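Hello,

Here is the structure I promised to pass on to you. Have a look at it first, and then read on for my notes.

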Amino acid sequence: MIKKYFIPETIEEAISLKNQYKEIGKYLAGGTILNLSFNKKKYEVYIDLRKLNLDEIKKNEKGNLEIGACVTFQKLISSEIIPEQLKKAAMLMENRNIRNIATIGGNIVGGKTVGDLIPTLIVLEAMVKVYGEEKLVLVEEYILGKDERFIEKIIIEEKNLEKLYGVRAHSRTSDDLSLIGAAVTYNKDQEKIKDIRIAVGGVASTVIRLKDIEKELEGTILEKQLLTHLIRNYVEPLTDFRGSKEFKAYLAGELVAECFEIA
């Protein structure tokens, strides 16, 4: 049950509150994850980030894209400088009411295996700027850490937006979380594919990169049958009420193959 609610004026104040309340305190942006009933029972202190001006989208002096941590999914879709890759990924969340409040930073910090933006952020080699740290951290590494270092913004280098890109996801209904999500980027040299990145959600505790499969496909001519076979035998999803492990593995293979087809 929430017992205390703070709206800090500065990032320093927000971090100080988090350090004070530690595991019972949580940063709050859109609240689409935190306001789930089981999280409300888990935490006692919310630290609302609405006044910290973390909702700017811009290109820096190097031409790289910078997205504030509290930018919502809908703002990504509406922005004129956001590339189509991120717009398509944000549109996977079909319910506009949720897109109006869900934030890119919350999607990363939540680290859910069904996070709609995370597969795309991983294949675009997106990085997070953690407050007080100079070194940027790949989203791929940040979600593995399960830490709560304060994310100021997300940075995507322009060169990573030039690769071929595909994203696909499957959910049971338009209002449901994705059951399986996938994204790929790659370059093509005549018919051969190279510089491949494949990320899949819903087959492990977090979204994962299929590095071994990327290596196996590097420099080859893509064959769908081989690709789907490799993925079905590589991923190890769990059976739950949303689907059997066999179904999820099959779906992962088909969705990744579709990503290559539509790229």
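Let me begin with a question: is C259 buried or exposed? Please keep in mind while you look that this is a predicted model.

C259 is buried, because its relative accessibility is 0% and the cut-off for buried is under 20%. C70 is a second cysteine to look at: its relative accessibility is 16%, so C70 counts as buried by that cut-off too. As for disulfides, the structure holds 0 of them.

**Strands β9, β10 and β11**

A good place to go next is strand β10, which covers residues 178-189. This strand is mostly covered, with 9 of its 12 residues buried. On one pairing, β10 runs antiparallel to strand β9 (residues 164-171), and 8 bridges join the two. If you want a spot to find this pairing on screen, go to G166, whose bridge partner in β10 is V184. The link from β9 to β10 is a hairpin of 6 residues.

Strand β10 also pairs with strand β11 (residues 192-201), again antiparallel and with 8 bridges. Here you can look for D189, which stands opposite K192 in β11. The hairpin of β10 and β11 has 2 residues between the strands, and in this hairpin Q190 takes a positive phi near 55 degrees.

While you are looking at strands, one general point may help: in a regular strand, side chains alternate between the two faces of the sheet.

**An open sheet of 5 strands**

There is also an open sheet to trace, made of 5 strands with antiparallel pairing. Going across this sheet, the order is β4-β5-β8-β6-β7. Its edge strands are β4 (57-59) and β7 (137-138), each of which pairs on one side only. At the β7 edge, the pairing is with strand β6 (residues 127-130), through 2 bridges in an antiparallel arrangement. One contact to find there is M127, which has L138 of β7 as its bridge partner.

**The second largest pocket**

Last, a pocket. The second largest pocket holds about 260 Å³ of space. Its lining is made up of 15 residues, and the closest to its centre are T113, G202, A204, D240 and K248. Sorted by class, the lining of this pocket has 8 nonpolar, 3 polar and 4 charged residues.

I hope this helps you find your way around. Do write back with any questions.

Best wishes

Terms used
Residues are numbered from 1 along each chain as its sequence is written. This is a predicted model: local features need pLDDT of at least 70, side-chain atom pairs count only at pLDDT 80 or more; totals for chains, interfaces and linings use all residues. Side-chain values use heavy atoms; hydrogens and water are left out. A disulfide is a pair of cysteine sulfur atoms within 2.5 Å. Buried means under 20% relative accessible area, exposed over 50%, partly exposed in between (1.4 Å probe, protein chains only). Helices (H or I, at least four residues) and strands (E, at least two) are DSSP runs, numbered from the N terminus. Two strands pair if DSSP finds at least two bridges between them. On a 1 Å grid over the protein atoms alone, a cavity is a set of points where a 1.4 Å probe fits but cannot get out, and a pocket is an open set with protein on both sides within 12 Å along at least five of seven lines; lining residues have an atom within 4 Å of a point. Grid points are joined across faces, edges and corners, and a volume is the space filled by probe spheres set on the points. Ala, Val, Leu, Ile, Met, Phe, Trp, Tyr, Cys and Pro count as nonpolar, Asp, Glu, Lys and Arg as charged, and the others, Gly among them, as polar.
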